[in-house]
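Please open the model in your viewer and keep the sequence panel beside it. The stops below say what to select and what is there.

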Amino acid sequence: AHGVRRELAGAWGARVTMAANRERLRLLPLLVLYAAVACYAAPSALVGDEGRYLGFARNLLQSTYSPPNAVNLWSGPGYPLVLAAGLWLGLPLLALRLLNAALLFLAVLFFHAALRSMTEGKTALRASWAFGLYPPFLYHLAYLLPETLAVALICAFGHRFLRFLGDAAGRWRDLALAAAFCAWLALAKVLFGYVILACGVLALA
């Protein structure tokens with residue numbers, strides 16, 4: 001009887017996974033939209049804080065972070081690490097901007113996966129489309145700024161933390177990944193470091 005129950009559970013799990021994969025395919029038009037928005041709205045030159053983040057990324061490739069002759073720790077290294085990987089691969093400026101399209105699409109996938117564990121597929125899919133079309137997300141797609149990475153990391157943290165709460169088999173691995181995403185978020189947007197510290201204090205109070 002135990003073996004039959006296990007086989008039925010495995011078959012049901014495979015069916016749910018296939019349905020979730022089909023739903024993810026229906027989210028693919030969002031990736032195309034993100035790439036189109038990033039290409040269309042991309043400025044021809046660096047604007048605002050883009051130069052600072054790109055400069056930090058170049059410093060990382062030279063085994064430093066702050067400029068050699070000055071101390072500049074205005075921004076955390078979370079987003080420059082992403083840009084540094086792109087620079088190391090020799091990506092042009094437009095391709096670096098297109099990384100935001102991939103990051104935002106990853107955020108949507110994590111958001112969908114988190115909802116899929118709590119509600120039915122159609123509801124999760126509709127909510128994911130609504131989330132993915134949120135105008136402020138689209139606005140930041142064309143700029144070398146950490147906002148899109150922050151959204152992806154928040155969604156990744158939420159997904160893994162929910163898995164930790166509900167998955168007895170791999171829960172410590174999920175907790176470790178959730179902690180890693182949380183730490184990366186604090187490095188990408190220093191403000192979140194204070195938020196995480198405040199939440200930790202409140203949790204211990």
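Which residue just after α4 takes a positive phi? Select G90, whose phi is about 80 degrees; helices such as α4 are DSSP runs of H or I with at least four residues, strands are runs of E with at least two, and both are numbered from the N terminus.

Before going further, note that this is a predicted model, in which local features need pLDDT of at least 70 and side-chain atom pairs count only at pLDDT 80 or more, while totals for chains, interfaces and linings use all residues. Residues are numbered from 1 along each chain as its sequence is written, and side-chain values use heavy atoms, with hydrogens and water left out.

Colour next by pLDDT, the predictor's confidence in each residue from 0 to 100. The protein averages 85, and 87% of the residues score at least 70. Among the elements, helix α2 (residues 28-41) has the highest mean, 96, and helix α1 (residues 2-25) the lowest, 57. Over residues 4-14 the pLDDT is below 50, and this stretch has 0 contacts beyond near neighbours in sequence, a contact being heavy atoms within 4.5 Å.

Now select helix α4 (residues 78-88), where G78, Y79, P80, V82, L83, A84 and G86 are buried, that is, under 20% relative accessible area, as against over 50% for exposed and in between for partly exposed (1.4 Å probe, protein chains only). Their cover includes α3 (50-61), α5 (93-116), α8 and α9 (171-188).

Stay with the aromatic side chains, as the structure holds 10 aromatic pairs. Rings of Phe, Tyr and Trp (its six-membered ring) pair if their centres lie within 6.5 Å, with planes under 30 degrees apart counted as stacked, over 60 as edge-to-face and the rest as tilted. Y53 and Y79 form an edge-to-face pair, 5.7 Å centre to centre with 75 degrees between the planes; this pair links helix α3 to helix α4 across 26 residues, and both Y53 and Y79 are buried.

Move on to F111 and F131, a stacked pair at 4.1 Å centre to centre with 5 degrees between the planes, which joins helix α5 to helix α6 (residues 121-132), 20 residues apart. F111 is partly exposed because its relative accessible area is 23%, whereas F131 counts as buried at 17%. Add Y134 and F137 to the selection, and you have one aromatic cluster with F111 and F131.

Finish at L165 in helix α8 (residues 147-166), which counts as exposed because its relative accessibility is 53%.
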